[in-house]
Amino acid sequence: MTTTLAPRVHLVDWRALTAAERDAVLGLEISAAQLEFAGAVGKSVASCEAATPAEVAGLAVRADDRIVGWVVLKRGAAAPAWVAADAAVVSGLRIDARHQGRGLGGAALAGLAAWVARHWPRTALLALRVDDDNAAGIRAYEKAGWVETGARHVGRVGVERTMTLRL
Ligand SMILES: CC(C)(COP(=O)(O)OP(=O)(O)OC[C@H]1O[C@@H](n2cnc3c(N)ncnc32)[C@H](O)[C@@H]1OP(=O)(O)O)[C@@H](O)C(=O)NCCC(=O)NCCS
């Protein structure tokens, strides 16, 4: 009998990563089609470095001491105009293609809610926009308890859903 243990997933602030871990973040790979959904990781990292830590958090997903993913949280003036004042927006989430489908995305989303409760306790809601064609993203968010909120709209690539998680 084979027993599969869930990997231990931690979210680690970009500023606390070692140089090797930063390189691993910048080396994360997803398919060209997925890049349309999540954007380039280098650009996402640069947006964190340029911002104030009180408003933008770039978080590496570390599983069993290996960097496997990345996600960014923004709030206040750093968040887009459609985000409510008490909310933070999630953007650029990715799990490296070599590690997808093992529950890491779901574990990262659970970790994200815990991170916000601990570090940004006044944030009552998480929000994001996901492309309607992004079946993996939508499934991962739904499984983590996110719900579609408001009307769909046409975004940069196509129709997008707004999804939220009440904390
Ligand atoms: C979205 C993403 C982070 C999910 O990460 P992951 O580690 O593969 O997710 P998990 O293994 O935790 O799977 C979560 C759920 O999504 C489902 N899923 C994964 N890939 C899927 C796919 N291609 N189509 C449909 N569902 C899929 C899983 O089956 C699982 O649901 P289940 O347990 O009911 O089967 C990953 O697919 C990714 O990095 N995508 C590219 C970037 C992206 O689109 N980011 C979101 C931008 S809004």
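What radius of gyration would a compact globule with 167 residues have, and what does the protein have? A compact globule of that length would come out near 15 Å, and the protein has 15 Å, which agrees. Keep in mind for every view below that this is a predicted model.

**Figure 1. The whole chain, from five helices to eight strands.** Starting at the N terminus, the elements go β-α-α-α-β-β-β-α-β-α-β-β-β. Along the principal axes, the C-alpha atoms fit a box of roughly 45 × 35 × 30 Å. Buried residues account for 35% of the 167 residues. As for contacts, take those between residues at least 6 apart in sequence: 64% of them link residues at least 24 apart.

**Figure 2. Around the ligand, with 23 residues in view.** Gln 34, Gln 100, Gly 105, Gly 106 and Ala 136 are the ones that come nearest. Five elements put at least two residues each into the shell: α2 (32–38), β4 (87–95), α4 (104–119), β5 (125–131) and α5 (135–143). The largest share belongs to α5, with six residues. Sort the shell by class and you get eleven nonpolar, eight polar and four charged residues.

**Figure 3. A look along α4, a helix of 16 residues.** From its first C-alpha to its last, α4 reaches 21 Å, close to the 22 Å expected at 1.5 Å a residue. Which residues of α4 are buried? They are Leu 104, Gly 105, Ala 107, Ala 108, Leu 109, Leu 112 and Val 116. An α-helix has 3.6 residues a turn, so residues three or four places apart point the same way. The buried residues of α4 have plenty to pack against: the strands β1 (9–13), β2 (56–63), β3 (66–75), β4 and β5, plus the helix α5. Two names here also turn up in the ligand view: α4 and α5 are among the elements that supply at least two residues of the shell, and Gly 105 is one of the residues that come nearest to the ligand.

**Figure 4. Strand β8 and its antiparallel partners β5, β6 and β7.** β8 covers residues 159–166, and seven bridges tie it to β5 in an antiparallel arrangement. Within that pairing, Ala 127 has Thr 164 as its bridge partner. Thr 164 shows up again in the β6 pairing, where it stands opposite Val 147. β6 (residues 147–148) pairs with β8 over two bridges, also in the antiparallel sense. β7 (residues 153–154) runs antiparallel to β8 as well, joined by two bridges. Here His 153 is matched with Glu 160. β7 and β8 make a hairpin, with four residues between the two strands.

**Figure 5. Close-up on Glu 55, in the loop between α3 (41–49) and β2.** Is Glu 55 buried, exposed or partly exposed? Glu 55 has 15 C-beta neighbours inside 10 Å, so it counts as partly exposed; the buried class takes 20 or more, and the exposed class 12 or fewer. Setting aside neighbours within four places in sequence, the contacts of Glu 55 are Lys 74, Arg 75, Gly 76, Ala 77 and Ala 78. Where does this leave Glu 55 relative to Leu 104? The two are 49 residues apart in sequence, and their C-alpha atoms are 25 Å apart in space. Leu 104 itself is one of the buried residues of α4.

Notes:
Residues are numbered from 1 along each chain as its sequence is written. This is a predicted model: local features need pLDDT of at least 70, side-chain atom pairs count only at pLDDT 80 or more; totals for chains, interfaces and linings use all residues. A residue is near a molecule or strand if its C-beta atom, placed from the backbone, lies within 6 Å of it. Ala, Val, Leu, Ile, Met, Phe, Trp, Tyr, Cys and Pro count as nonpolar, Asp, Glu, Lys and Arg as charged, and the others, Gly among them, as polar. The expected span of a helix is 1.5 Å times one less than its number of residues. Two residues are in contact if their C-beta atoms, placed from the backbone, lie within 7 Å. The radius of gyration is taken over C-alpha atoms; the globule rule is 2.2 Å times the number of residues to the power 0.38. Two strands pair if DSSP finds at least two bridges between them.
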